[in-house]
Amino acid sequence: MVISDAEKRIPVVEMLKSGKATGSISTNMANGESLITKRCPGNDVIRSGSLRGQGWKYGSGFVDGIFPVLSPVAHQILNFVRKEVDPNNVWAALDTLPVTHETWDDLINVAVQLRLNKQWDPIALICQWILYKSSFQTDVMCYNLLIDAYGQKSLYKKAEETYVDLLQARCIPTEDTYALLIKAYCACGLLEKAEAAFVDMRKYGLPPSAIVYNAYIDGLMKAGNPQRAIEIFQRMKNDGCQPSTDTYTLLINLHGKASQSYMALKLFNEMRSKKCRPDICTYTALVNAFAREGLCEKAEEIFEQMQEDKLEPDVYTYNALMEAYSRAGFAYGAAEIFSLMRHMGCEPDRASYNIMVDAYGRAGLHEDAQAVFNEMKRLGITPTMKSHMLLLCAYSRARNVDKCEEIVNQMSESGLEPDTFVLNSMMHLYGRLGQFEKMEEVLTAMEKGPYGADISTYNILINIYGRAGFFEKMEGIFQSLPTKNLKPDVVTWTSRLGAYSRKKLYARCLEIFEEMIDAGCHPDGGTAKVLLSACSSEDQIEQ
């Protein structure tokens, strides 16, 4: 097949700008058959390019993790669909493209690039055009990309409709299809539908693979259902499906976030015993697990083990190790890791600077925290809401009200409106310093403003009033919670108990404890400690 340069590419920039079709193009093959034709009624569908049926794979970007290289025309398409939001304009512009192998490859490359940038709307527009408006032959890869885009936006019904369209088009669903559909259902909390899709997969002769199990586990974790995720992991092993590196990484992350570093380490040892090689993400997840509990020595041990495995730490790994030292209260240890990262040629990111602000703040070194914050701005890294919040916490620990108020004002000047978390922090600071009038002013502003008071807000008030001995105000706040559609949590009940416990009012504490149990709120270690501190005799302790 010979196609001249002029026929291979028509001036797409002009097409995309004008949105006008250029008519029909045809190129004769050696046998005289038409390869390229403008879409019109009665035309046969056109087979597409070299990426048909392969190309994008769920979870890897491209085949074997190779990311797309965009041609000049693909760059033009990419820039156009990123700016144009009107579907009709996008589709009219795509109509002007020649129906060639190269166009197909360009469109898939553009869709994958958009996916890497989490731009779901233009992906949907491109895939809708290919599947429903162009003369390209339908391909399971496009259906999968469209299911993914809808799933990411929690549009499970559209993802479901796309799956039905795939079947009606007589495309054979792949394991990617089910992985993405299951994730879409999990994201919307539709666990029964996710399980049904899992079962449906077997009807097409596809035994659940690690890819599908991983998608199911990941979807459940993101939907806030870690216990079910653990159950699916056990089912995976019972079904004889070998967990992959990604599977173990997901489960290590799950236990790490639950402050169960011992379970994370157990899984890490299990994967190594099964000759499943950890990657940089696995090690980072395990370092993070120890970091959350401030176990800096264990975190550093894993960090060193990673290097022995010939894996180069990246910024996320260094950040995790810094976090471990920060949470353990060793600010200067975190600073040493920060210096090591730079020395090794790994550029710190915004999160790195935030961790250092937090590390110095936790250690009571608010001037050092301020210096890191200033350095971040000097380097052109724009501080986020979290950056300001961490600096605010540093000065709040030092009880420096003036500086905290200055930081809140700086946030507003930077276009960052203080959120509920910031306002709660200010309210807590005023309360600790006995500035009740200012504390109540903040509460009034929260109840009237865009950032509403949450249960944490009222927990602060109950705690502050209780410590000050203002039982009537404390009880008033507690009794008002149902009218605000808020349910007392374990912190609420424990703070209320603490007020009476400090006065050794054991009988009243016991009454509140029984109310707590009757309300279905489970006490924790803090509750037990507060209740025991109310006791003034061995009999009360025994009871």
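**Exercise 1. Establish what share of the 543 residues in the protein chain is buried, and which secondary structure the chain has.**

Buried residues, meaning those under 20% relative accessible area (exposed is over 50%, partly exposed in between, with a 1.4 Å probe and protein chains only), make up 48% of the 543 residues in the protein chain. The secondary structure comes to 30 helices and 0 strands, where helices (H or I, at least four residues) and strands (E, at least two) are DSSP runs numbered from the N terminus.

**Exercise 2. Decide where the coordinates deserve caution, using pLDDT.**

This is a predicted model, in which local features need pLDDT of at least 70 and side-chain atom pairs count only at pLDDT 80 or more, whereas totals for chains, interfaces and linings use all residues. Residues are numbered from 1 along each chain as its sequence is written, and side-chain values use heavy atoms, with hydrogens and water left out. The mean pLDDT (the predictor's confidence in each residue, from 0 to 100) of the protein chain is 84, and 87% of its residues reach 70 or more. Over residues 1-56, however, the pLDDT is below 50, although this stretch has 107 contacts (heavy atoms within 4.5 Å) in the model beyond near neighbours in sequence. Over residues 60-65 the pLDDT is likewise below 50, with 15 contacts beyond near neighbours in sequence. Where pLDDT is low, the predicted coordinates should not be read in detail.

**Exercise 3. Find which residues touch the most other members of the largest nonpolar core, and list the partners of Leu-107.**

A nonpolar core is a set of buried Ala, Val, Leu, Ile, Met, Phe, Trp, Tyr and Cys residues joined through side-chain atoms within 4.5 Å. Of the 159 residues in the largest one, Leu-107 and Ile-130 touch the most other members. Leaving aside residues up to four places away in sequence, Leu-107 touches Ile-77, Leu-94, Leu-97, Ile-126, Trp-129, Ile-130 and Phe-136.

**Exercise 4. Describe the setting of two residues, Ser-154 and Lys-504, that have a positive phi.**

Ser-154 is not a glycine, yet has a positive phi of about 60°; its place is in the loop between helix H7 (140-152) and helix H8 (156-168). With a relative accessible area of 38%, Ser-154 is partly exposed. Lys-504, also not a glycine, has a positive phi of about 60° and is found in the loop between helix H27 (490-501) and helix H28 (506-518). Lys-504 counts as partly exposed at 44% relative accessibility.
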